[in-house]
Each structure stands twice: as structure tokens, then as C-alpha cells.
Amino acid sequence: MRSGAPRVGTMSVRKTSRTTAAPRIEAAGLRWLAEAVPDGGAAVVRVLDVDDDALTVETVVEARPDRMSAAAFGAALARTHRSLPAGTAFGALPPGHPPGEPPLFGPAGQLLPMGSGTHPSWGSFLAAERLDPLLERLTAVPPVLRAARDRISSGDLDGGGTCGTGGTGGTGDAGGARGTGQATDPVEPPSRLHGDLWSGNLLWRRVFPEEPAAAGSPGRDADVEGVLIDPFAHAGHRESDLAMMQLFGLPHLDAVVAGYQAQWPLAPGWEERVPVHQLFYLLGHWVLFGDGYAAATLRCCEATLAL
């Protein structure tokens with residue numbers, strides 16, 4: 001749905017990794033996210049080449065976003081989220097994910113293997129495939145953290161209510177009547193997630209008109225679009241991407257959310273559930289970077305248990 005194209009030429013960035021599967025995992029995630037682009041999904045950095053040692057992607061020449069471009073990105077992200085085929089399970093990985101390899105979370109030099117199981121509900125998926133692998137790495141698990149994990153696993157906090165009527169997938173029935181409030185009822189369908197959508201993994205670039213201005217016309221300036229990089233791609237809960245954007249801040253975040261809401265409204269109570277969806281990311285930072293993230297993680301646990 002964009003009206004132009006980025007000017008990228010032949011510039012590229014080559015990323016190497018000490019983990020053999022990492023380049024192919026990232027490439028699979030980028031290509032999977034890009035499947036939504038023809039239908040107006042968020043732009044994704046283009047994969048130019050990949051092997052066991054490195055991934056080469058196009059260079060993104062960055063630009064400054066404004067509120068209009070932020071709102072447009074929010075709407076595009078909603079279309080990406082909504083683009084999964086019906087019947088996809090929570091935790092499903094991109095089809096091109098290397099067989100037998102776990103999904104990897106964290107910075108390039110500290111990648112942590114996560115679980116690769118699929119689940120009928122988001123809560124059971126998050127507890128078993130994301131929280132448990134991190135809890136195993138803690139010397140001692142505080143009781144409030146264990147309690148928050150169990151509350152999420154129960155499905156009580158899966159969210160609910162708005163399944164919509166459009167799009168190619170994730171909007172119809174998927175094993176039970178919508179909105180019943182039962183833990184076995186996936187009231188929020190799985191979404192095509194970036195999975196690690198903090199501000200550093202969202203770049204902004206100029207997009208120029210495909211057609212030159214007619215003679216004598218004033219023409220128009222380039223637009224700016226958000227471009228996804230470095231995904232932790234999987235089928236998950238769409239509120240997780242929204243929560244991660246809020247965790248470390250994002251330019252014009254309110255406009256991004258407004259654009260998202262105009263395209264696919266979030267279920268009632270989503271703002272109260274933000275700590276639920278931030279828990280995995282904060283726990284991951286605790287495991288990766290130390291006790292400086294412990295207090296924020298435990299506050300998320302308390303907020304989760306208060307819902």
C-alpha cells in the first residue's frame with residue numbers, strides 16, 4: 001500500500017555470527033515477515049544473501065519519522081500481525097526456520113536458545129517456550145516470579161474480544177467460540193510477530209514517488225516508512241510487539257498506537273496487560289545483562305498477579 005520505493009542502490013550490510021544457525025534463522029524471519037508486505041504490511045529489510053556464517057541485507061539510509069509516518073507504520077504493523085493463515089498455532093516458527101534448530105533470543109554475541117513447541121493458547125506457549133528456558137538460568141527463582149509464570153500459563157491473561165472480520169487469516173474461529181473467556185478459547189488469534197520490536201529494531205527510511213512529477217507541477221517530498229530488522233519471528237500475541245515498543249521508548253509511540261488501533265483495534269484492557277507482555281523481555285535482560293533488571297522484572301510480576 002506504499003506509493004513509492006526506497007532508494008537503496010546496491011549498498012548492503014554483512015552480519016556475521018559465531019552461532020552457525022543464527023544467520024539462516026534471521027533470514028527466515030525476515031522473509032516470513034516480508035510475506036505481508038504486498039498486502040500493506042510493514043516494510044522489512046531485504047535479504048540479499050545468507051549462509052552458515054553471515055547474513056547480508058540491504059542498507060537502510062535512515063530518516064527522521066514524523067507523526068504521519070509513525071501512524072502509517074502502526075497501521076502497517078497491524079496488517080502484518082493480521083496476515084497469518086488460519087489454523088496457525090502459538091509458537092509456530094517461519095517455514096524457512098532451519099529444521100531442528102531452536103529459536104534464538106538476545107544480542108548476536110549472547111544468543112539464548114528458546115523452546116520451539118507450539119500451543120493452542122498464548123499463555124501456555126509463553127510459559128513453556130519462553131519463560132521456562134530463562135527461569136532455568138537463574139540461580140534462584142523468586143516466588144513472585146514463579147507465581148506470575150503460573151498465572152500466565154493458566155490462560156487467564158490471554159486477552160480477548162476483538163477478532164475482526166477482514167484479512168487473510170487469524171480472524172475466524174480457531175477451535176471454539178470467540179469471547180467465551182475460557183482458557184481453551186484463543187480469543188486473540190496468533191499473529192505474525194516481529195518478536196523483539198524495540199526501537200533499535202525499527203529503522204526509518206525515505207520512500208520516493210515511483211513516478212516523477214509532471215512538468216510544471218510542484219511534485220511532492222519523499223515519505224518516511226518504518227523498516228523492520230533483526231526479528232525474533234514467531235506466531236505470538238500481537239500485544240507483545242506493542243508492549244516491547246513501549247518498554248524502551250519509540251518516537252511518536254502514541255501515533256503508532258493510534259494508527260494500529262485504526263487498522264485493527266486492540267482488545268479492551270490491553271494497556272493493563274502491558275506488564276504481562278513485557279515480562280519475558282525484562283526477564284531475558286535479567287538473564288543476559290545481570291541483576292540491574294531484577295527489580296523491573298519483579299514489578300512486572302506484581303502487576304501481572306494484580307490483574
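This is a short tour of a predicted model, with selections to make in order.

**A helix pair**

Start by selecting residues 67-81, helix α2, and residues 253-263, helix α6. Their axes come within 7 Å and cross at roughly 45°. That angle makes α2 oblique to α6, because it falls neither under 35 degrees nor in the range 65 to 115. The crossing of α2 past α6 is right-handed.

Now show the side chains at this contact. On α2, select Arg67, Ala70, Ala71, Phe73, Gly74, Ala75, Leu77, Ala78, Arg79 and His81. On α6, the partners are Asp254, Ala255, Val256, Gly259, Tyr260 and Gln263. Coloured by class, the contact has nine nonpolar, four polar and three charged residues.

**The cores**

Keep Phe73 selected and add Leu228 and Met245. Within the largest nonpolar core, which has 45 residues, these three touch the most other members.

Centre on Leu228 next. Beyond its neighbours within four places in sequence, Leu228 is in contact with Leu30, Leu33, Ala42, Ala43, Val44 and Val45, among others. Its contacts also include Phe73, His194, Leu197, Asn201 and Leu202.

A separate core of 29 residues lies apart from the largest one. To find it, select Ile152, Phe232, Leu247 and Trp286, which are among its members.

**Two positive phi angles**

From Leu228, at the end of β10 (223-228), move along the chain to the loop that leads to β11 (234-236). Asp230 is in this loop. Its phi is positive, about 45°, although Asp230 is not a glycine. Is Asp230 buried or exposed? Neither label applies: with 27% relative accessibility, Asp230 counts as partly exposed.

Go on to the loop between α5 (238-247) and α6, and select His252. Here too phi is positive in a residue other than glycine, near 55°. His252 has a relative accessible area of 29% and is therefore partly exposed.

**After the helix α8**

Last, select Leu307, in the segment after α8 (294-306). Leu307 is partly exposed, at 37% relative accessibility. Which residues does Leu307 contact, leaving aside its neighbours within four places in sequence? They are Arg151, Leu157, Glu272, Arg273 and Val276. To finish, draw a distance between the C-alpha atoms of Leu307 and Arg151: the separation is 9.8 Å, for residues 156 apart along the chain.

Definitions and conventions:
Residues are numbered from 1 along each chain as its sequence is written. This is a predicted model: local features need pLDDT of at least 70, side-chain atom pairs count only at pLDDT 80 or more; totals for chains, interfaces and linings use all residues. Side-chain values use heavy atoms; hydrogens and water are left out. Axes are lines fitted to C-alpha atoms, for helices over the stretch in contact, and angles run from 0 to 180 degrees between N-to-C directions. Helices (H or I, at least four residues) and strands (E, at least two) are DSSP runs, numbered from the N terminus. Angles under 35 degrees count as roughly parallel, over 145 as roughly antiparallel, 65 to 115 as roughly perpendicular and the rest as oblique. A crossing is left-handed if the near helix is turned anticlockwise from the far one by less than a right angle, and right-handed if clockwise. Contact means heavy atoms within 4.5 Å. Ala, Val, Leu, Ile, Met, Phe, Trp, Tyr, Cys and Pro count as nonpolar, Asp, Glu, Lys and Arg as charged, and the others, Gly among them, as polar. A nonpolar core is a set of buried Ala, Val, Leu, Ile, Met, Phe, Trp, Tyr and Cys residues joined through side-chain atoms within 4.5 Å. Buried means under 20% relative accessible area, exposed over 50%, partly exposed in between (1.4 Å probe, protein chains only).
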